[in-house]
Amino acid sequence: MSQTPVDPVAHNRLAWDREVEEGNEWSRPVGPEVIAKARAGQWSIVLIGYEPVDPTWFPPEIAGRDVLCLASGGGQQGPVLAAAGARVTVFDNSPRQLAQDEMVAAREGLDLRTVLGDARDLSPFPDASFDLVVHPVSNLFIPELAPVWRECHRVLRPGGTLLSGFLNPDVYLFDAESLEARGELMVRHRLPYSGDLTHLEPAERERLWGLDAPVEYSHTLTEQLGGQIAAGFAITGFAEAPHHSEATAGWLSGYFATKAVKAGAGH
């Protein structure tokens, strides 16, 4: 099929606003008990599925660090890190996702800033603004990754850390209906899989998810890992996990996570 024209920023902004309204699990804010524990020094966040990030991936002391939660709205990672003492900025493409973080901040008296925008353009932030960038699984909604990695590198201070989670591109090989309805792994799609736009007819897309659903893009490991290296990062940590809600979980890792460091003075 030919590519269906779409503005991914505008389309996915509206789509994720609707996901919030419909109660998507990644838009459900953390409760007061989670914030209370974080204030007491007992905290964790996720990058991939339900797996807590390895504590050794964070700076030895999170309090006082400048943290950018990138494409990370929903009232989850940002408020936890703010309650742990970090100076947090949450950047996301969806106003409704950011409103979840703002709600938790107001409820809990947290000092947390939100900024609306496209992860490929972090121009609101000067060079070397942050010690840590937290980028959970979300770049599947972004058509190109090189600008994301370049911008992450630019806004980090020397020695700063990028923690990112992303989908194993192989999950896009399979026919979605067979996978979701019957748990069958039927290979159907050639990769790269471009936003449900080059591989599915509109009628099938509408039947499966609705034409207003978020548009997704598979990305090669060269784009994910090689892209971080090309931007100037050294990858110093790697993790994987099964997809938390797919039949692929019994067969392959659906998620990968990386810790990447910008050269310079350590923290």
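The largest cavity in this predicted model encloses about 40 Å³ of space. The structure holds 1 cavity of 30 Å³ or more. Its existence is read from a probe calculation: rolling a probe the size of a water molecule over the atoms shows where empty space is left. The lining of the largest cavity is formed by N139, L140, L167, P169, Y172, Y217, S218, H219 and Q224. Sorted by class, this lining comprises 5 nonpolar and 4 polar residues, with no charged residues.

Open space was examined as well. For the second largest pocket, a volume of about 280 Å³ was computed. The residues that line the second largest pocket are E25, W26, V30, V34, S44, I45, V46, Y50, Q76, Q77 and V80. In the lining of this pocket, 7 residues are nonpolar, 3 are polar and 1 is charged.

A single position, A176, was also considered. A176 belongs to helix α6, which covers residues 176-182. The relative accessibility of A176 is 16%, and A176 is therefore classed as buried, the cut-off for this class being under 20%. When neighbours within four places in sequence are set aside, A176 makes contact with L208 and W209. The first of these partners, L208, lies 32 residues from A176 in sequence, while the C-alpha atoms of A176 and L208 are 8.1 Å apart in space.

Methods
Residues are numbered from 1 along each chain as its sequence is written. This is a predicted model: local features need pLDDT of at least 70, side-chain atom pairs count only at pLDDT 80 or more; totals for chains, interfaces and linings use all residues. Side-chain values use heavy atoms; hydrogens and water are left out. Helices (H or I, at least four residues) and strands (E, at least two) are DSSP runs, numbered from the N terminus. Buried means under 20% relative accessible area, exposed over 50%, partly exposed in between (1.4 Å probe, protein chains only). Contact means heavy atoms within 4.5 Å. On a 1 Å grid over the protein atoms alone, a cavity is a set of points where a 1.4 Å probe fits but cannot get out, and a pocket is an open set with protein on both sides within 12 Å along at least five of seven lines; lining residues have an atom within 4 Å of a point. Grid points are joined across faces, edges and corners, and a volume is the space filled by probe spheres set on the points. Ala, Val, Leu, Ile, Met, Phe, Trp, Tyr, Cys and Pro count as nonpolar, Asp, Glu, Lys and Arg as charged, and the others, Gly among them, as polar.
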